[in-house]
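Colleague: I'm new to reading protein models, and I'd like to learn by looking hard at one part. Could you pick a packed region, take me through it slowly, and show me how it fits with the rest?

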Amino acid sequence: MNTRTLLLLSVLALLLTACEAAPSALASTPAGPPFPTMTLGRVVRGPLPPAAPPPAQGALANPATAIALANLPTPTPNLTTCPAPVDDVSVAQFVQGGTPRTSAEISDAIERSLSAGGTVGDLEQVLRNDWAVLEGGFVRGDLDLTGEGTPEVIVSLRAPDAGGLLLIYGCIDGRFSERYQGILSADGSARAPQILSAVDFTANGLPDLFFSAALCAADETCDSINQIVTWDGTRGRFNNLLGAGLASAVPLVPQDIDNDRISELVVRLTDDGSARTGPLRTGQIVYDWDGAQYVRSYTEYDPPRFRIQMVFDADAAFAQGRTRDAITLYDLAVSSPNLENWQNDDITVLPAYARFRLMLAYADLEDPRLIETHAQILQLYPDLATAPVYAEMAIRFWDALQTTSNLNSACAAALEVAGQRQEAVGLLNRYGSESPVYTPADLCPF
């Protein structure tokens, strides 16, 4: 045996010794249970980590579990099974002391009575005759507002602490609960609401309950507060379509103006005004459905009936920089035979004011009609001492403009006259609380 062979044998012996020593080095480590590996026919042994302690009371080990629990389906409420009528149940049984003092007590008694089998007839009798809260109101059980096939119970009353209320009760899982409470006025001045219609305004397949209540002052002048509610099946509640309500001098009129199958709401303006308010514009205000509620869409006024209304419109156009529109309106205020004088108007005053304002507009535009208007004023009002104040203002404006060629200086001369003759402002500020209020600076704005 040569030296090379002996060397190879020695190395082989050392390797075998190392392999036999490996198990003794791991003898202190406990062997874990065998588990399969991805290598066919081989087994790997090793310790598993200790099991985690159980979660504390009320805690969830996995956040996904919390999400899953939060999204568990909820039972669908039963809206069709309602208590059977019971003849000897009366709403009066559910009020201590005999007569409720607040709207909350009334509503609670109605809920409990209906849930126990109380009838619409009993509610009508007790609320009207015993509790005296049904003056002008009603109890109805014939309108299905939610579309599930069972009518709701609707109560209109005047509560001692809240005034006019509209209450809607629906049946859920065999008992009644209040689904909607419409409070028509914060100060309790509203009378019992009246249902105007129960038709599908918004083309959603369900009736929209349209009702109104009178709001009356001490002098018995009344406005109407209007409201519309509809059932939102997705959220399971009634929604207000007019916010807190819409006040108007007359009830709203539903009308499909644009033929889109959705009714607009129209407020007819029919009041010409009084000595207190001054002349009022007639016409209509239209509210349209925007997909969520009714909002004010536009106001459409009738042509002015009174001369002072035409003057107000012309002054507004002038102040907004629509000078050519103002000229057209001032011309109508001077010459239109269809305009009436308001109450005791002096027929000479407003045409004189309109001509003065025409001079301002022509001067602003450097329109040659300024010369013609000045000549008309001289001819119509030869004696400025007896003429309306606006004729003197027009002449002073012209004279200063010819001297200075400056609109500011011309206005200063006209306003000097107004400062000496208070009727220059007073004649325009006598048209009631709903009319514009003028200052001297408004008369000549340059």
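Modeller: Happy to; we'll start with the whole chain, then go into the main core and finish with what surrounds it.

A few ground rules help. This is a predicted model, where local features need pLDDT of at least 70, side-chain atom pairs count only at pLDDT 80 or more, and totals for chains, interfaces and linings use all residues. Residues are numbered from 1 along each chain as its sequence is written, and side-chain values use heavy atoms, with hydrogens and water left out.

The protein contains 12 helices and 17 strands; these are DSSP runs numbered from the N terminus, helices being H or I over at least four residues and strands E over at least two. Of its 446 residues, 39% count as buried. Buried means under 20% relative accessible area, exposed means over 50%, and partly exposed lies in between, using a 1.4 Å probe and protein chains only.

Now for the close look. A nonpolar core is a set of buried Ala, Val, Leu, Ile, Met, Phe, Trp, Tyr and Cys residues joined through side-chain atoms within 4.5 Å. The largest one has 56 residues, and those touching the most other members are Ile 308, Phe 356, Tyr 390, Met 393, Phe 397 and Leu 443. Several helices each supply at least two residues of this core, including helix 5 (307-319), helix 8 (369-380) and helix 9 (389-404). Helix 7 gives the most, with 12 residues.

Try finding Tyr 390 on your screen. Setting aside neighbours within four places in sequence, Tyr 390 is in contact (heavy atoms within 4.5 Å) with Val 349, Ala 352, Tyr 353, Phe 356, Glu 423, Ala 424, Leu 427 and Leu 428. There is also a second, separate core of 25 residues, and among its members are Ile 106, Leu 114, Leu 127 and Ala 159.

One of those contacts of Tyr 390, Glu 423, leads us to charged pairs. Side chains of opposite charge can pair when their charged atoms come close. A salt bridge here is a side-chain nitrogen of Lys or Arg within 4 Å of a carboxyl oxygen of Asp or Glu, and the structure holds 15 of them. Glu 423 makes one with Arg 421 (2.9 Å, N to O), and Glu 423 counts as partly exposed at 31% relative accessibility.

Asp 367 and Arg 369 form another, also listed at 2.9 Å, N to O. Asp 367 is buried, with a relative accessible area of 15%, whereas Arg 369 is partly exposed at 35%.

A third salt bridge brings together Asp 272 and Arg 305 (2.3 Å, N to O). This pair links distant parts of the chain, 33 residues apart: Asp 272 is in the loop between strand 13 (264-269) and strand 14 (273-274), and Arg 305 is in the loop between strand 17 (294-301) and helix 5. Asp 272 is partly exposed at 26%, and Arg 305 is partly exposed at 37%. Through shared partners, salt bridges join Asp 272, Arg 305 and Glu 340 into one network.
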